[in-house]
Amino acid sequence: MISDWIETALPGVDDWARGGMGGLLLRLQADTMDDESFLKVCRKTGRLKDLVDRLLALGRVDDATGEARQASDYNLLGLADLFVQHGYGPLAETLMRDRAKVSQDTRLMEWVKRKCQESRRSDPGTGVR
């Protein structure tokens with residue numbers, strides 16, 4: 001019943017509320033929702049982080065990359081960490097470097113720099129110099 005109410009209310013709410021309602025909907029239907037339904041709810045409610053996380057978990061890296069490329073600079077910062085968590089660190093670095101070339105957001109290159117420093121600390125023989 002609550003899921004139906006959320007579905008009905010979604011078109012009339014702002015983005016912030018839509019995202020919150022989407023999260024509730026995902027939690028309510030977690031046990032019964034298949035992957036494609038999950039992705040559909042994420043897209044419909046603007047839950048980009050959940051969307052990219054699931055796409056990466058499903059091995060749909062190209063789809064996840066496409067979503068990340070369309071994200072705002074702010075959202076891309078969080079998404080890049082998701083790519084790293086799923087074992088796609090070099091792809092995350094490429095996404096961030098590409099965006100940094102066309103953005104004035106200095107946090108993008110700061111992210112790249114931090115990842116390079118972490119790489120050097122964890123394996124000094126392979127770090128970027």
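Start this tour at the largest pocket, which holds about 240 Å³ of space. Keep in mind as you look around that the model is predicted.

**Stop 1: the pocket lining**

Select Gly-46, Arg-47, Leu-48 and Lys-49, then add Tyr-74, Asn-75, Gly-78 and Leu-79; together these residues line the largest pocket. Try colouring the selection by residue character: the lining divides into three nonpolar, three polar and two charged residues.

**Stop 2: the helices behind the lining**

Which helices each supply at least two residues of this lining? Select 48-57 to pick out helix H4, then 73-85 for helix H6, and you have both of them. Of the elements that contribute, H6 gives the most to the lining, with four residues.

**Stop 3: the whole chain**

Now zoom out and switch to a cartoon view. How many helices and strands does the chain have? The secondary structure comes to eight helices and zero strands. If you trace the chain along its sequence, the pattern reads α-α-α-α-α-α-α-α.

**Stop 4: inside and outside**

Next, select the entire chain, 129 residues, and colour the residues by accessibility; buried residues make up 36% of them. Then turn on the surface display. The accessible surface comes to about 8,000 Å², and 51% of that area belongs to carbon and sulfur atoms.

**Stop 5: contacts along the chain**

To finish, show contacts between residues at least 6 apart in sequence: 41% of these join residues at least 24 apart. With those contacts on screen, you can go back to H4 and H6, the helices that each supply at least two residues of the pocket lining.

How values were computed: Residues are numbered from 1 along each chain as its sequence is written. This is a predicted model: local features need pLDDT of at least 70, side-chain atom pairs count only at pLDDT 80 or more; totals for chains, interfaces and linings use all residues. Side-chain values use heavy atoms; hydrogens and water are left out. On a 1 Å grid over the protein atoms alone, a cavity is a set of points where a 1.4 Å probe fits but cannot get out, and a pocket is an open set with protein on both sides within 12 Å along at least five of seven lines; lining residues have an atom within 4 Å of a point. Grid points are joined across faces, edges and corners, and a volume is the space filled by probe spheres set on the points. Ala, Val, Leu, Ile, Met, Phe, Trp, Tyr, Cys and Pro count as nonpolar, Asp, Glu, Lys and Arg as charged, and the others, Gly among them, as polar. Buried means under 20% relative accessible area, exposed over 50%, partly exposed in between (1.4 Å probe, protein chains only). Contact means heavy atoms within 4.5 Å. Accessible areas come from the Shrake-Rupley method with a 1.4 Å probe; for residues, only the protein chains shown count as cover.
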